[in-house]
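Dear colleague,

I am handing over the structure we spoke of, with the sequence alongside, and below it you will find an account of what turned up when I went through it. Please read the notes with the structure open.

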Amino acid sequence: MAAIDCRNFDQPDETRPFVGGMGRLDLVDTGDGAVGRAVFLPGWKWSEHVQPLAGTDSCRADHTGYVVSGRMKVVMDGGESAEFGPGDYMRVHPGHNAWVVGDEPCVTLDWTGFSDYAKPSD
C-alpha cells in the first residue's frame, strides 16, 4: 500500500450526470470509500434533478462536505434550513431537499454522502 495517494477530480473513477444535464458528480475511489466533487448548475434542485434517479421522497444521503464555490439552500424534511456558501463546512443529515441559489454553479466536496448519490435505485 502506498504511503501517498494523489488523485485529481478532473480524472475521476466515475462520473454521474444529473437529470437534464444540470451538473454532475465526479467520484474518486480512495479504497476507504468514495470522495466526490459535485457541480450543481444554476437552476439545479434535488427534487427535480436527482430524485428521479434516487426514487426517494427526499435525499437520503448523509453529507459531510465543503463548499468550494456558489451557494446552496438545504431544507430538512422537518423544516429546518440553512444556506451554504464558499468556504463553508457542511454537515447535513438524511431527509432533505436542496437547490442552487443564484446564477453561479455550486461546487461541493463531500467525503461521506456521495457513494450512492445520483445513482439509479434498483
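To begin with the inside, the residues that line the largest cavity divide into eleven nonpolar, three polar and one charged. Please keep in mind throughout that this is a predicted model. The lining is made up of 15 residues, and those that lie nearest the centre of the cavity are Phe40, His63, Met72, Met90 and Tyr117. As for the elements involved, β5, β7, β8 and β9 are the ones that give two or more residues to this lining. The space enclosed in the largest cavity is about 100 Å³, and the count of cavities of 30 Å³ or more comes to one.

The largest pocket, which I treat separately from the cavity, has a volume of about 220 Å³. It is lined by 17 residues, of which Ala54, Arg60, Ala61, Asp116 and Tyr117 are the closest to its centre. By class, that lining consists of nine nonpolar, five polar and three charged residues. Tyr117 is thus named among the residues nearest the centre of the largest cavity and also among those closest to the centre of the largest pocket.

Turning to the sheets, there is an open sheet of six strands, paired in the antiparallel sense, with the order β1-β2-β3-β9-β4-β7. The edges are taken by β1 (14–17) and β7 (89–92), and because each of them has a single partner strand, one side of each is left without a neighbour in the sheet. From one strand to the next, the twist averages 25°. Within this sheet, strand β3 (residues 34–40) runs antiparallel to strand β9 (residues 106–110), and five bridges join the two; glycine 36, for its part, has aspartate 110 in β9 as its bridge partner.

There is also an open sheet of three strands, again with antiparallel pairing, in the order β6-β5-β8. Here β6 (81–84) and β8 (96–101) stand at the edges with a single partner strand each, so that one side of each has no neighbour in the sheet. On average, and with direction ignored, neighbouring strands of this sheet are turned by 20° against each other. Strand β5 (residues 71–76) pairs with β8 over six bridges in the antiparallel sense, and methionine 72 stands opposite valine 100 in β8. Met72 is also one of the residues that lie nearest the centre of the largest cavity.

Two residues of strand β9 deserve a separate word. Threonine 108 lies in that strand and has a relative accessibility of 3%, which is under 20%, so it counts as buried. Between threonine 108 and glycine 85 there are 9.5 Å in space, C-alpha to C-alpha, while the two are 23 residues apart in sequence. Cysteine 106, at 0% relative accessibility, likewise counts as buried.

Finally, the cysteines: the count of disulfides comes to zero. Cysteine 106 is in no disulfide, the nearest cysteine sulfur being that of cysteine 59 at 14 Å, whereas a disulfide would need the two sulfur atoms to lie within 2.5 Å. Cysteine 6, by contrast with the buried cysteine 106, counts as exposed, because its relative accessibility of 71% is over 50%.

With best wishes

Definitions and conventions
Residues numbered from 1 in each chain as written. Predicted model: local features only at pLDDT ≥ 70, side-chain atom pairs only at ≥ 80, totals over all residues. Heavy atoms only, no water. Buried < 20%, exposed > 50% of the residue type's maximum accessible area, 1.4 Å probe, protein only. Pairing = 2+ DSSP bridges. Helix = DSSP H or I, 4+ residues; strand = E, 2+ residues; numbered from the N terminus. Axes fitted to C-alpha atoms, helices over the stretch in contact; angles between N-to-C directions. 1 Å grid on protein atoms, 1.4 Å probe; cavity = no way out; pocket = protein on both sides within 12 Å on 5 of 7 lines; lining within 4 Å. Points joined across faces, edges and corners; volume = space filled by probe spheres on them. Nonpolar A, V, L, I, M, F, W, Y, C, P; charged D, E, K, R; others polar.
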